[in-house]
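Here are a few short exercises to work through with the model open beside you. Try each task before reading its solution.

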Amino acid sequence: ITITDGGPDTDDGQVSDGITLGADGGATSFSISEDALEALAAGTNISLQATNNIAISDLTDNDLTLATTGSVSFLADSDADGFGNFTMATGDAITTGGAGITITGANIQVGRLDTDAASGGAIALTTTGGTGDITTANNLLTNGGAITLTGDMALSDDTTLATGITGANIGITGAITGASDVLTLTAGTSDITLGGNVTLDD
């Protein structure tokens with residue numbers, strides 16, 4: 001699945017109900033526009049699944065702005081064969097109306113993820129089998145929703161993970177690496193759990 005800049009695009013009809021399953025296209029790749037996803041109503045649960053990659057093109061306005069307060073899920077590598085990454089431009093954002101964001105793939109590259117509405121939902125990034133890389137170059141922000149990264153975290157720029165004033169747990173299961181990058185974790189009065197080594201070289 002490719003989410004293209006602006007719109008419309010060829011396969012926008014595939015997300016009229018907010019759901020595209022990995023089996024829908026068979027061996028066919030879908031091109032779904034930014035505009036089609038942004039037009040979905042606030043109560044829509046958005047779920048995109050692909051047996052291989054899910055890629056969000058570099059967006060002119062730098063933000064996939066989703067009105068939904070329900071849930072947002074991107075599942076690459078839905079057949080769990082180890083081939084299928086989730087990628088987006090690190091300078092771009094996915095912003096929701098409070099819906100949680102779940103992203104799964106063999107490897108994951110994200111920009112800014114923001115559910116920081118009145119009661120922002122959780123953010124969960126999970127690599128297939130928990131052994132892939134999660135590359136971050138921007139901030140992950142909620143307002144009372146937990147942030148969980150399952151896999152190794154690789155910083156390609158300064159990154160903040162923050163769960164709001166009231167806070168919620170932050171958990172990273174794997175190793176954390178970065179070169180001359182700053183990682184800031186803010187969880188209010190909640191717990192921060194790191195499961196691997198942290199190496200941030202000067």
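**Exercise 1.** Is Ile 19 buried, partly exposed or exposed?

*Solution.* Before starting, note that this model is predicted: local features need pLDDT of at least 70, side-chain atom pairs count only at pLDDT 80 or more, and totals for chains, interfaces and linings use all residues. Residues are numbered from 1 along each chain as its sequence is written, and side-chain values use heavy atoms, with hydrogens and water left out.

Step 1: recall the classes, where buried means under 20% relative accessible area, exposed means over 50%, and partly exposed is in between (1.4 Å probe, protein chains only).
Step 2: Ile 19 counts as partly exposed because its relative accessibility is 38%.

**Exercise 2.** Place Ile 19 in its strand and find what it touches.

*Solution.* Step 1: Ile 19 belongs to strand β2; strands are DSSP runs of E with at least two residues, numbered from the N terminus.
Step 2: β2 (residues 19–20) runs parallel to β4 (residues 46–49), and two bridges join them. Strands pair if DSSP finds at least two bridges between them.
Step 3: opposite Ile 19 in β4 stands Ser 47.
Step 4: Ile 19 touches Ser 47, Gln 14 and Asn 45, not counting residues up to four places away in sequence. Contact here means heavy atoms within 4.5 Å.

**Exercise 3.** Follow β4 onward: which strand is joined to it by four bridges?

*Solution.* Step 1: the strand is β7 (residues 71–75), which runs parallel to β4.
Step 2: for a residue pair to look at, Leu 48 stands opposite Phe 74 in β7.

**Exercise 4.** Describe the surroundings of Thr 96.

*Solution.* Step 1: Thr 96 lies in strand β9 (residues 93–96).
Step 2: Thr 96 counts as buried because its relative accessible area is 7%.
Step 3: leaving aside neighbours within four places in sequence, Thr 96 is in contact with Leu 66, Thr 68, Val 72, Ile 101, Asp 114 and Thr 115.

**Exercise 5.** Which residue forms a salt bridge with Asp 114?

*Solution.* Step 1: look for a side-chain nitrogen of Lys or Arg within 4 Å of a carboxyl oxygen of Asp or Glu.
Step 2: the partner is Arg 112, with the closest N and O atoms 3.2 Å apart. The structure holds one salt bridge.
Step 3: compare the partners: Asp 114 is buried at 12% relative accessibility, whereas Arg 112 is partly exposed at 27%.
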